[in-house]
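User: I would like to understand how the labels given to residues in a structure are decided. Could you take me through some of them, setting each value against its rule?

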Amino acid sequence: MRLNGHRVTIRPMVRGDLDAMMEWRPFADPLYQAFDFPRRNKAETVRWFEWRSRDPSRRLYTVEDEARRVIGSLTLREINGTQSARLGITLGADFVSQGFGTEALALFLDYYFETMGFEEMVLDVAATNLRAVRTYEALGFRYIGQHYRLATHPSFDVVRRDPRYHHLKRFFRRRGSLHEVLFYDLALSREDWRARKAGEAMSESG
């Protein structure tokens, strides 16, 4: 499997990709630091990859750019036959806000629905991650619920307290001595994806 887009390529993840991912610089903006590639040593990272690779309920993919640099990863977990799977996507800090994520997802969604034959894709996203929320909305994902998680990562505390992120305070709530952050549950069906693609084709032809 190798999916070739205009600027990105998606293929199964291999062990050698881990070296590139470990070299991604951390996000400077606290708003996105909770989504950094985990800071593990090489042995721990390899064990993580081998464990995930053996799990039949998961699939791991790598996103490359035109220069064949490893710029991101796509994961499926909680695979339920061909009914549904839960999406995860990560881009390195140097590759965000350039349209790579949207292109990679659109490319992968075609493969997911038409080749793999899934009926629905689900995901969850932190409400504070406005950039990701906008991307999912633009691709046609619909809201199916929401839930709170403990805001344990130190960056959430910065976002909650820093005046620059005052507009995001509404996504946090206190629970005893702890704080929680809101996550949205989103879904996209094969029928909705096909309808969206058909609408785009009509717009282009018109």
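Analyst: Let us start with accessibility: a residue is buried when its relative accessible area is under 20%, exposed when it is over 50%, and partly exposed in between, using a 1.4 Å probe and protein chains only. This is a predicted model, in which local features need pLDDT of at least 70 and side-chain atom pairs count only at pLDDT 80 or more, while totals for chains, interfaces and linings use all residues. Residues are numbered from 1 along each chain as its sequence is written, and side-chain values use heavy atoms, with hydrogens and water left out.

User: Why is Arg173 called partly exposed?

Analyst: Arg173 has a relative accessibility of 35%, and a value that is neither under 20% nor over 50% lies in between, so the label is partly exposed.

User: What makes Glu180 buried and Arg175 exposed?

Analyst: Glu180 stands at 7% relative accessibility, so it counts as buried, whereas Arg175 stands at 52% and therefore counts as exposed.

User: How do you know that Glu180 and Arg173 form a salt bridge?

Analyst: The rule asks for a side-chain nitrogen of Lys or Arg within 4 Å of a carboxyl oxygen of Asp or Glu. For Glu180 and Arg173 the N to O distance is 2.6 Å, so the pair meets the rule. Glu180 also forms a salt bridge with Arg175, where the closest N and O atoms are 3.7 Å apart. By this rule the count comes to 23 salt bridges.

User: What makes Glu64 and Arg2 a salt bridge that links distant parts of the chain?

Analyst: Their side chains meet at 3.4 Å, N to O. Glu64 lies in strand S3 (residues 59–64) and Arg2 in the segment before strand S1 (3–4), 62 residues apart; strands here are DSSP runs of E with at least two residues, and helices are runs of H or I with at least four, numbered from the N terminus. Glu64 is buried at 4% relative accessible area, while Arg2, at 41%, is partly exposed.

User: Why are the buried residues of helix H5 said to line one face?

Analyst: In H5 (residues 154–161), Ser155, Phe156, Val159 and Arg160 are buried. Seen down the axis, they fall within an arc of 140 degrees, taken from the directions from the helix axis to the C-beta atoms, so they line one face of the helix. The face turned away from this buried side carries the exposed residues Pro154 and Arg161.
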